Amino acid sequence: MKTPASRKESEDLDARDPLRGLRDYFELPDGIIYLDGNSLGPPPKEALTRLAKAAQEEWGNGLIGSWNDAGWIKLPESCGAKIAKLIGAENDEVIVADSVTVNLFKLAAALNEKRKGSIAVEKDEFPTDGYIAGGLSRLTETCLVKIQGDDPSALAGNDISVFVKSVVHYKTAAIADIAAWENEAQKNNVAIIWDLSHAAGVIELDLKKSGAKYAVGCGYKFLNGGPGAPAFLYVDRNVVNDLNQPLTGWMGHASPFDFSGNYHPAPGIRRFSCGTPQILSLSALDGALELFQNIDMGKVEEKARGLGDLFLSRAKAMGLSSVSPAAGERRGAHVGLSFEHGYEVVQALIARGIIGDFRAPDLMRFGFSPFYLRYADVWDAADQLEDILKTEAYRDPAFAVRKHVT
Ligand SMILES: Cc1ncc(COP(=O)(O)O)c(C=O)c1O
């Protein structure tokens, strides 16, 4: 697809966009161009409807009976089945629970108990992944190995048992070659836990076909589940019963309501549950996932790439340097641009209704969700960025005030 070279060409592409109708599924404030769906997706109308129903009808009227009558107790698994379709897993291989951080711990610890060895993590991985790998290696008195680069042969040596890596890197958006890493992992008896936080819901994934057996991912980014939405965890059904996760809470028990004094893990993916599911958040996520039913993820990925290509071509013309792969097929749905005054520029953009985010030390990060963004929006956002750079509007001291969340 040719990258548009004008606003008119952007509008023409929007008119032909097979996904253009999906914008109506979202509740978006007027006058905003939202380039932050990679950090917190905006609310799908169905998520808000489900949230209100869960709070008012199911909790308000159904009270405790809703655990059975409204299907609350099954929600971690039924919601997981919806995510399974998006990542190329079977319905019974995904559970929604806890946060990515907690799920990483549960899975890495279970795998390292099965085969004790070094815990490895990508060197520039999202910090929580590295912190958990470090914490687990301390707890199990095993070595922590940091792996840099995209050469899978790095898995040889160091007696690595578990390796944690993102499919789409949180800063650069570089896409990992899952099959190549899994091929090398098999040779070295390494279990890879894929972090799908920036990949799920925006790129086409076929975990089973690529040989991936373990993954975790985020519910509040491109899945649009809402702030603090629970995360998901995937384990291949052929190996799940070999694993015992260490957070042996009652919801992972085979029969929680037997109130047995002895712990027996549930068969299948439910053994990765821990405590009581977060029903209100889960309901919002479950509603948000309705959007993805009957959607062609190939088309979603193609449009994300097209939007990113357009923004990158405009940024290049402004002389900005990108940390993201130029080739769309190697890039997820966000782009990172490094600039000395990146924080201030992002604040100046936000003041003009264009919402992106900033990742220290100098990265301006913009996410391109194909569900509600139009090519013309990306064109307009680039115009504003260009103006802010040209006029140095970002030098206003108000834009230098650091907020807690960037
Ligand atoms: C790649 C990646 N992994 C993990 C996390 C943390 O997830 P959680 O807050 O659900 O633990 C994030 C959050 O942004 C992330 O980007």
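**Ligand shell and a nonpolar surface patch**

In this predicted model, an N or O atom in the side chain of His198 sits 2.9 Å from an oxygen atom of the ligand. The protein covers 86% of the 400 Å² of accessible area that the ligand has on its own. His198 has company in making polar contacts. A backbone N or O atom of Val100 comes to 3.0 Å from a ligand oxygen atom, and Asp129 places a polar side-chain atom 3.4 Å from a nitrogen atom of the ligand.

Stepping back to the shell as a whole, the residues around the ligand are Ser99, Val100, Thr101, Phe126, Thr128, Asp129, Ser166, Asp195, Ser197, His198, Tyr220 and Lys221. By residue type, the shell splits into six polar, three charged and three nonpolar members. Two helices feed into it: H5 (100-114) and H6 (127-140) each supply at least two of the shell residues.

Then there is the protein surface. Here Leu48, Leu51, Trp59, Leu63, Ile64 and Leu280 make up a nonpolar patch of about 600 Å². Helix H2 (residues 45-61) is the top contributor to the patch, giving three residues. Leu280, another patch member, belongs instead to helix H9 (residues 279-288). Why does Leu280 count as partly exposed? Its relative accessible area is 33%, and partly exposed covers the range between under 20% for buried and over 50% for exposed. Leu280 can also be part of the patch because its 33% meets the requirement of over 30% relative accessible area for patch residues.

Technical notes: Residues are numbered from 1 along each chain as its sequence is written. This is a predicted model: local features need pLDDT of at least 70, side-chain atom pairs count only at pLDDT 80 or more; totals for chains, interfaces and linings use all residues. Side-chain values use heavy atoms; hydrogens and water are left out. A residue is near a molecule or strand if one of its heavy atoms lies within 4 Å of it. A polar contact is a pair of N or O atoms within 3.5 Å; within protein, one must be able to donate a hydrogen and the other to accept it, and residues adjacent in sequence count only if both atoms are side-chain atoms. Accessible areas come from the Shrake-Rupley method with a 1.4 Å probe; for residues, only the protein chains shown count as cover. Helices (H or I, at least four residues) and strands (E, at least two) are DSSP runs, numbered from the N terminus. Ala, Val, Leu, Ile, Met, Phe, Trp, Tyr, Cys and Pro count as nonpolar, Asp, Glu, Lys and Arg as charged, and the others, Gly among them, as polar. Patches are made of residues with over 30% relative accessible area and no salt bridge: like charges are joined within 9 Å, nonpolar side chains (Val, Leu, Ile, Met, Phe, Trp, Tyr) within 5 Å. A salt bridge is a side-chain nitrogen of Lys or Arg within 4 Å of a carboxyl oxygen of Asp or Glu. Buried means under 20% relative accessible area, exposed over 50%, partly exposed in between (1.4 Å probe, protein chains only).
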